[in-house]
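User: Please take a close look at one part of this model, and then follow the chain outwards from it. Which elements form that part, and how are they connected to the rest?

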Amino acid sequence: MNNKKLKIATRNSPLALAQTNIIKSHLELLYPALKVDIVAMTTEGDRRLNMPLSSVGGKGLFVKELEYAILEGRADFAVHSSKDMPVELTEDLAITVFYKRDDPRDAFVSNNYSGLTALPANSIVGTSSLRRQCLLKYLRPDLSIKILRGNVQTRLKKLDSGEYAAIILAAAGLKRLQLQSKIKEYFDPEIFIPAVTQGIMCIECRKDDLATINLLKPLHNKEAAICAIAERSMNAHLEGGCQVPIGGYANFSEGTLKLRGLVGSPDGKLILRATAINTAENAEQLGINVATQLLAQGAKAILEEVYHSHG
């Protein structure tokens, strides 16, 4: 092993740092002689918290600075939440590792209510996601959905201050922060379909940095990768660029890969769903099949309307 030191780029948020420390610990166990440093930075997405993500350029805002750090040699690789990764990756960079998937589900968090059905009419529910908004409005059209940005702790503080009756967060993030006790209800991922690759961390490197890529290989989880490929393929075929109401959830069992996809209107009045099954080898084609079904049902018109109104 030539590399005695590795530098990891990450966002400077408690969740991003917790995720990066999981990777750091795994590497230090594998390579006791290796020194692993964390290079934390604030991204454009972290700075522009007063606006909905969909109107400031989508989730790619969380990764650009980290990518520059890799390209400029200030970091060897970056740890991301896979769901923050744009469909099109920056040239010269590649996702080389999909880490074992954590809980893919969305979580209902409230101080006073046991779950979604327990909320009184007109309750204010916070989320930054158009996908969650459309599913919430579909299930409970009588609720008031308000945009909620910021890191997990900031969102929980706003809940505690009484601004929201409940907030919806990714279960994986709460668990990585040891905050799973806050979760009152888990949504069924086959109905309340998660964001594409929710619960999967990934590692992005320079394509030509073979030494780092080789060091990271043991962290790669084949099953998570297969599911991520199918979900990202569906998203790419739908041209799901910035933050749009698209959900995708693949699960792999007994040699069969099943993908559920969803596209919805932000008002929850129209929800399109599609499901297909294939083998792991055909993960990419499976994503295309599900996207094709959704497009045949009219997904393009919904997505174009979202781009137009949030662009």
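Analyst: The part chosen is the second largest pocket, to whose lining E4 and helix H9 (222–237) each supply at least two residues. The model is predicted, so local features need pLDDT of at least 70 and side-chain atom pairs pLDDT 80 or more, while totals for chains, interfaces and linings use all residues. Residues are numbered from 1 along each chain as its sequence is written, and side-chain values use heavy atoms, without hydrogens and water. Helices (H or I, at least four residues) and strands (E, at least two) are DSSP runs, numbered from the N terminus.

H9 gives the most to the lining of the pocket, namely six residues. The volume of the pocket is about 280 Å³ (the space filled by probe spheres on grid points joined across faces, edges and corners). Its lining counts 14 residues, of which Phe98, Ala228, Ile229, Arg232 and Glu284 are the closest to the centre of the pocket. A pocket is an open set of points on a 1 Å grid over the protein atoms alone where a 1.4 Å probe fits, with protein on both sides within 12 Å along at least five of seven lines; lining residues have an atom within 4 Å of a point.

From the pocket, E4 leads into a sheet. This open sheet has five strands in the order E2-E1-E3-E10-E4, and the pairing is mixed (two strands pair if DSSP finds at least two bridges between them). Strand E4 (93–98) is an edge strand, as is strand E2 (35–41), and each of the two pairs on one side only. The partner of E4 is strand E10 (residues 201–206), and the two are antiparallel, with five bridges. Within this pair, Ala94 has Cys205 of E10 as its bridge partner.

At the other edge, E2 pairs with E1 in the parallel sense, and seven bridges link them. Met41 in E2 is the residue that Arg11 stands opposite. Strand E1 (residues 5–11) has seven residues, five of them buried, so this strand is largely enclosed by the rest of the structure (buried means under 20% relative accessible area with a 1.4 Å probe, protein chains only).

Burial can also be followed along helices and loops. In helix H4 (residues 64–71), the buried residues are Glu65, Leu66, Glu67, Ala69 and Ile70. Gly73, just after H4, takes a positive phi of about 80°. Ser129 sits in the loop that joins strand E6 (124–127) to helix H5 (130–139). With a relative accessible area of 11%, Ser129 is buried. Thr212 belongs to helix H8 (residues 210–216), and Thr212 counts as buried because its relative accessibility is 0%. Along the chain, Thr212 and Arg273 are 61 residues apart, and their C-alpha atoms are separated by 40 Å.

There is a further sheet to describe. It is open and has three strands, in the order E11-E12-E13, with antiparallel pairing. Strand E11 (246–253) and strand E13 (271–278) are at its edges, and each has a single partner strand, so one side of each is left without a neighbour in the sheet. E11 and strand E12 (residues 256–264) run antiparallel and are joined by eight bridges. One residue of that pairing is Phe252, whose bridge partner in E12 is Leu257.

To return to the pocket, its lining thus draws on H9, which gives the most, and on E4, which is also an edge strand of the five-stranded sheet.

Terms used. Buried means under 20% relative accessible area, exposed over 50%, partly exposed in between (1.4 Å probe, protein chains only).
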